[in-house]
Amino acid sequence: MSVKVYINGKLLPKEEATVSVYDHGLLYGDGVFEGIRVYSRKVFLLAEHVDRLYESALAIRLTIPMTKAEMTKAVNDTVAANGIVDGYVRLVVTRGAGSLGLDIRRTSDPQVIVIADTITLYPAEMYENGLNLVTAATIRNHPAALSPRIKSLNYLNNILAKIEGTDQGCVEALMLNHKGDVAECTGDNIFIVKDRVLKTPSTDSGILKGITRDVVLKLAREAGYAVEEVTLQRHDIFVADECFLTGSAAELIPVVQLDGRPIGTGKPGPVTGDLLKRFQEFTRK
Ligand code: PMP
């Protein structure tokens, strides 16, 4: 079956789903997006993703030309039309085509695009054995310049840090914020476990407020773990018992090394394993 892409109210074969080269999404990275999971034909936490999409759009003063209910239906219809059972949705809203120049008043017709496909972010082996991180020299965007809370089409900050990771043989890289504290990874949030307390950088550390992060915090609290959203330093990771990452594409994946130093035992830890199990159960509900 050929892949069908939703674009502005139509489901088109992917070859025909195109946008203008004058679209400011392409010209300036002017737009917003979401990455969402599908489990057993159900779009996982769709309401949360739609809410964040509209918040990102509001933050960049982009008016999405449809209601949240219409957006929800567009995503569900695209997933169904492609027969996706377990997969991934990329939801994109661009500023639309306009004349050259940054003025948003000269653009019209924001493009709403839904791609339903599959994704394998990290090798299966890393979910068993954990992954290694390096600290990127590229810091996370200063929140006063471009808030990391906005999931914008402008991902160069993260891409530059990711290149540093891949250059050093790592699939992810740790990003610090402008104060030198831990922010997040290039496409994932970060958690540590210390003396059975779960800790993750607070939103004022300059991070994307991950939806998987929120779920893991909730599941951990329900399971009786002490949970803290705090300022973390690289030091806290070096002396942690366990470390893991969360993200819609990554799900929950153990981290066993930072900058060549083993974290804890150097193997995925029991709290990470427990939370992974709880997360997987939650996705199957
Ligand atoms: N941080 C960044 C920079 C991201 O791009 C993402 C999503 N890929 C995340 C964190 C995780 O967010 P979520 O759990 O909502 O997918």
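This dialogue explains how to read the ligand site and the strand pairing of a predicted model.

Visitor: What should be known about the model before its residues are read?

Guide: The model is predicted, with local features needing pLDDT of at least 70, side-chain atom pairs counting only at pLDDT 80 or more, and totals for chains, interfaces and linings using all residues. Residues are numbered from 1 along each chain as its sequence is written, and side-chain values use heavy atoms, with hydrogens and water left out.

Visitor: How many residues surround the ligand, and which are the closest?

Guide: A residue is near a molecule if one of its heavy atoms lies within 4 Å of it. Here 17 residues surround the ligand, the closest being Tyr155, Glu184, Ile211, Thr212 and Ser248. The shell comprises three nonpolar, nine polar and five charged residues; Asp, Glu, Lys and Arg count as charged, Ala, Val, Leu, Ile, Met, Phe, Trp, Tyr, Cys and Pro as nonpolar, and the others, Gly among them, as polar.

Visitor: Which side chains have an N or O atom close to an oxygen atom of the ligand?

Guide: A polar contact is a pair of N or O atoms within 3.5 Å. For lysine 151 the distance to a ligand oxygen is 3.3 Å, and for threonine 212 it is 2.6 Å. A polar side-chain atom of tyrosine 155 lies 2.4 Å from a ligand oxygen. The protein buries 94% of the 390 Å² that the ligand exposes when taken alone, by the Shrake-Rupley method with a 1.4 Å probe.

Visitor: How is strand pairing to be read?

Guide: Strands of a sheet pair through backbone hydrogen bonds, either parallel or antiparallel. Two strands pair if DSSP finds at least two bridges between them, a strand being a DSSP run (E) of at least two residues, numbered from the N terminus. In this model, an open sheet of six strands has the order S2-S1-S8-S5-S3-S4, with antiparallel pairing. Its edge strands, S2 (10-13) and S4 (42-43), each pair on one side only. S1 (residues 4-7) and S2 pair over four bridges, and tyrosine 6 stands opposite leucine 11 in S2.

Definitions and conventions: A polar contact is a pair of N or O atoms within 3.5 Å; within protein, one must be able to donate a hydrogen and the other to accept it, and residues adjacent in sequence count only if both atoms are side-chain atoms.
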